[in-house]
There are 2 protein chains.
Amino acid sequence: MHLNPIQLFDTESSTFTYILSAPGSPEAVIVDPVDRQLERDLRHLERLGLKLAYVLETHAHADHVTSAGELRDLTGAKAAVPSGCGIAPAEMQLNDGDVLTFGNGEMIEVIHTPGHTAGSMSYLWRGNVFTGDTLLIDGCGRTDFQSGSADALYDSVTRKLFALPDDVRVWPGHDYKGQSVSTVGWEKRHNARLANRSREEFIKLMGELNLPKPKLIDIAVPANQNLGLPHGG
Amino acid sequence: MHLNPIQLFDTESSTFTYILSAPGSPEAVIVDPVDRQLERDLRHLERLGLKLAYVLETHAHADHVTSAGELRDLTGAKAAVPSGCGIAPAEMQLNDGDVLTFGNGEMIEVIHTPGHTAGSMSYLWRGNVFTGDTLLIDGCGRTDFQSGSADALYDSVTRKLFALPDDVRVWPGHDYKGQSVSTVGWEKRHNARLANRSREEFIKLMGELNLPKPKLIDIAVPANQNLGLPHGG
């Protein structure tokens, strides 16, 4: 049965964080938590009576720093991360096809969706897919740095994510236009970058975006590869 | 079984809007929509493949204007409002104990919770209570204008809302501190204004707040009593 996650938003980086839980168990999973929202997230877990089983990352972010390490250390949760992102200190290195279980038989399926970064993963839980920066609402993540590849992103979205049932809800890693959630069916038909566009057209489009370098990248990526914890600490 | 709503946020007025739906039917209900977010809300309904059955208001708001009338006219939904709020053009005037049904047997229980305004209602659906401005996370709505009463709010919260099971999730009408959701159990034990405080202490506290008059009140209340539609339109 479909269950919505709880969706939280960091206005400074426009990042969504998700809390997943289901009836029958207090165990929960948090996806892509942001360092400066640590207190907010801990208070949500406390108010909802939830116990964190996993801190899950979709990739090594370039635009904000994760609180995964701190959350792990404060709650006893395990950090679970994509194997190809160089996030060494995590307890679990996830690969395509892995299934993460928590709570009363809840299952999270791991789907390797490279393109925004080579290691990026999406996570499927109860009719929801958490797409990180691979598929955004009416858009997609950039592919011009940090092992990005428009070619790989095209396959990840059109062959893997668009192969999910139309009514699967799409919960992205960011939104910059006040939108919160979409569906596979809608994105397949209407996504401004990926619907009805050939691979060649998509690669050309992505190659011409000329986006500025993310301000935080030189700090954020190494920090996130250490789960947001101080190096050598 | 507990289902989370979809929670949307208007940053200008710090107002939460909720979309309620459940598996087995495309019918949905929206709670407290905001005028300037009409386009956002319509796009969510479209992307999710939902058909609006009801537009539900918790009270006649003083701090923002509703899009209830426009949403009703554009989607064919019915407007359902508290009977004591003077919102004349709504199809349904709700009273305490009423049950609104939608979708595949979904039931919304109407709970009269006066205090912020005399007509204010809370709505209970699948282990979630939508409390409008009656009970906020770690706080409560003001009671110093628009037929407000600290005495009535004390009863509404302590006798009605705090009588719900501890694990019922509390989804407020506003939050000003980045928090999104709470539970009855947490608010009963920790709410800064209402936990472990006598009626007399609470009334004294509310009487001493000295809050400024809401900027929009003279425009918003008459507009909202007309479902946000132009008068005489």
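Begin by selecting Arg159(B), which lies in helix α3 of chain B, the helix that covers residues 150-161. Since this is a predicted model, everything on the tour is a computed property of the coordinates. At 59% relative accessibility Arg159(B) counts as exposed, because the cut-off for that class is over 50%. If neighbours within four places in sequence are set aside, Arg159(B) is in contact with Tyr154(B) and Arg199(B). Now add Pro23(B) to the selection and draw a distance between the two C-alpha atoms: Arg159(B) and Pro23(B) are 136 residues apart in sequence and 33 Å apart in space.

**Gly105(B)**

Go next to Gly105(B), in the loop of chain B that runs between β7 (99-102) and β8 (106-112). Gly105(B) is exposed, with a relative accessible area of 56%. A second C-alpha distance can be drawn here, to Ala22(B), which is 83 residues away from Gly105(B) along the chain and separated from it by 9.5 Å.

**The loop between β4 and α2 of chain B**

Select Thr58(B), whose place is in the loop between β4 (51-56) and α2 (68-75) of chain B. Is Thr58(B) buried or exposed? With a relative accessible area of 1%, Thr58(B) is buried, because that class takes in values under 20%. Show the side chains around Thr58(B), and two polar contacts can be picked out: one, of 2.7 Å, goes to the side chain of Asp32(B), and another, of 2.9 Å, joins the side chain of Thr58(B) to that of His59(B). Beyond four places in sequence, the residues in contact with Thr58(B) are Val31(B), Asp32(B), Pro82(B), Ser120(B), Met121(B), Tyr123(B), Phe130(B) and Gly132(B), so that Asp32(B) appears both in this list and as a polar partner of Thr58(B).

Staying in the loop between β4 and α2 of chain B, move along to His64(B). His64(B) is buried, with a relative accessible area of 0%, and its side chain is joined to that of Asp63(B) by a polar contact of 2.8 Å. Not counting residues up to four places away in sequence, His64(B) touches Ser13(B), Thr15(B), Val34(B), His174(B), Leu216(B), Ala220(B) and Asn224(B).

**Two residues with positive phi**

Two backbone stops follow, one in each chain. Most residues other than glycine have a negative phi. Select Arg126(B), which has a positive phi of about 50 degrees although it is not a glycine; Arg126(B) lies in the loop between β9 (121-125) and β10 (128-132) of chain B, and at 24% relative accessibility it counts as partly exposed. Then cross to chain A and select Asn210(A), where phi is near 50 degrees, again a positive value in a residue other than glycine. Asn210(A) is found in the loop between α5 (199-207) and α6 (217-224) of chain A, and with a relative accessible area of 70% Asn210(A) is exposed.

**The nonpolar core**

In soluble globular proteins, nonpolar side chains tend to be buried together. In this model the largest nonpolar core has 86 residues, and those with the most contacts inside it are Leu20, Leu56 and Ile108 of chain A together with Leu20, Leu56 and Ile108 of chain B. For a closer view of one of them, centre on Leu20(A) and display what surrounds it: leaving aside neighbours within four places in sequence, Leu20(A) is in contact with Pro5(A), Glu27(A), Ala28(A), Val29(A), Val31(A), Phe102(A), Ile108(A), Trp125(A) and Phe130(A). Ile108(A), a member of that list, is also among the core residues named above.

**Where chain A meets chain B**

Finally, show both chains and select the residues at their interface, where 31 residues of chain A are in contact with 31 residues of chain B. The two chains bury about 2,500 Å² between them, 53% of it on carbon and sulfur atoms. On the side of chain A, the residues to highlight are Met1(A), Arg47(A) and Gln179(A), which lose the most area to chain B and together account for 25% of what that side buries. How many salt bridges and how many polar pairs cross this interface? The rule finds zero salt bridges, whereas 15 residue pairs are in polar contact, both residues being at pLDDT 80 or more.

Colouring chain A by element shows which parts of it touch chain B: β1 (6-10), α1 (38-48), β13 (169-172), β14 (182-183) and α4 (184-190) each give two or more residues. The largest share, six residues, comes from α1(A). By class, the side of chain A that touches chain B has 12 nonpolar, 11 polar and eight charged residues.

Notes
Residues numbered from 1 in each chain as written. Chains lettered and ligands numbered in written order. Heavy atoms only, no water. Contact = heavy atoms within 4.5 Å. Buried area = accessible area lost by both parts, 1.4 Å probe. Salt bridge = Lys/Arg side-chain N within 4 Å of Asp/Glu carboxyl O. Polar contact = N/O pair within 3.5 Å; in protein donor to acceptor, adjacent residues only side chain to side chain. Helix = DSSP H or I, 4+ residues; strand = E, 2+ residues; numbered from the N terminus. Nonpolar A, V, L, I, M, F, W, Y, C, P; charged D, E, K, R; others polar. Core = buried A, V, L, I, M, F, W, Y, C linked by side-chain atoms within 4.5 Å. Buried < 20%, exposed > 50% of the residue type's maximum accessible area, 1.4 Å probe, protein only.
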